[in-house]
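Got a minute for a quick tour of a fold? Pull up the coordinates and follow along.

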Amino acid sequence: MTPAPLTIDPEDVRASVQETPALPAWLEKVAEYVQHAASEGETVTLTAKQRMLTPQQVASLTGVSRSTISRKIKAGEIHAVKVGNRNRIPYDEYQRWWDQAMGDVIELVRDDLREDLFGTR
């Protein structure tokens, strides 16, 4: 009997900086999955797919509304792909847009912060 598909969250992998010789939980799951398949005489194929976010997920991550994210997609500020009739935002695109947005905010407030911290020169 084929085991159910196993999905590993990339955040779990990133968070598993090994401080002990023990395997991280996500890797133990992979090992168990492979061992179970092998005991059934099955082969295992590992694949990866690009992590995609919904506009609602991006909105939750950034603290803005879903409609704001949808407007930014429509304006071309955030590049999304259509899956059926729904927008999906590649995780790399979300990171690119967020880094750019934060850079813009820093540029806008940099001089004010310097003045508040150190006074006018």
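Here's a short briefing on the helices, the sheet and how they pack. Keep in mind that this is a predicted model. The sheet is an open one with 3 strands, helix 3 packs with helix 4, and helix 3 also packs with helix 5.

**Helix 2**

- Helix 2 covers residues 25-39, which is 15 residues.
- From first C-alpha to last, helix 2 reaches 21 Å, close to the 21 Å you'd expect at 1.5 Å a residue.
- Just after helix 2 comes G41, with a positive phi of about 75 degrees.

**The sheet**

- The strand order is 1-3-2, and the pairing is antiparallel.
- Strand 1 (52-53) and strand 2 (81-83) sit at the edges, each pairing on one side only.
- Strand 1 pairs with strand 3 (residues 86-90) over 2 bridges, in the antiparallel sense.
- If you want to check the register there, L53 stands opposite I89, and M52 has P90 as its bridge partner.
- On the other side, strand 2 and strand 3 pair over 3 bridges, again in the antiparallel sense, with V83 opposite R86.
- Strand 2 and strand 3 make a hairpin with 2 residues between them.
- In that turn, G84 has a positive phi of about 70 degrees.

**Helix 5 on the sheet**

- The sheet's strand 1 pairs with strand 3, and helix 5 (residues 91-118) packs on the sheet, touching both of these strands.
- The direction of helix 5 makes about 70 degrees with that of strand 3.

**Helix 3 against helix 4**

- Helix 3 (residues 55-62) and helix 4 (residues 66-75) pack at about 115 degrees, and their axes are 8 Å apart.
- That angle makes helix 3 roughly perpendicular to helix 4.
- The crossing of helix 3 and helix 4 is right-handed.
- On the helix 3 side, the contact residues are P55, Q56, V58, A59 and T62; on the helix 4 side they are R66, I69, S70 and I73.
- By class, the contact of helix 3 with helix 4 splits into 5 nonpolar, 3 polar and 1 charged.

**Helix 3 against helix 5**

- Helix 3 and helix 5 pack at an angle of about 35 degrees, with their axes 12 Å apart.
- Helix 3 passes helix 5 in a right-handed crossing.
- V58, L61 and T62 from helix 3 meet Y94, W97 and W98 from helix 5.
- The contact of helix 3 with helix 5 has 5 nonpolar residues, 1 polar and no charged ones.

**Residues to click on**

- Which helix 4 residues does helix 3 meet? They are R66, I69, S70 and I73.
- V58 and T62 are among the helix 3 residues that meet helix 4, and V58 and T62 also turn up in the contact with helix 5.

Technical notes
Residues are numbered from 1 along each chain as its sequence is written. This is a predicted model: local features need pLDDT of at least 70, side-chain atom pairs count only at pLDDT 80 or more; totals for chains, interfaces and linings use all residues. Side-chain values use heavy atoms; hydrogens and water are left out. The expected span of a helix is 1.5 Å times one less than its number of residues. Axes are lines fitted to C-alpha atoms, for helices over the stretch in contact, and angles run from 0 to 180 degrees between N-to-C directions. Angles under 35 degrees count as roughly parallel, over 145 as roughly antiparallel, 65 to 115 as roughly perpendicular and the rest as oblique. A crossing is left-handed if the near helix is turned anticlockwise from the far one by less than a right angle, and right-handed if clockwise. Contact means heavy atoms within 4.5 Å. Ala, Val, Leu, Ile, Met, Phe, Trp, Tyr, Cys and Pro count as nonpolar, Asp, Glu, Lys and Arg as charged, and the others, Gly among them, as polar. Two strands pair if DSSP finds at least two bridges between them.
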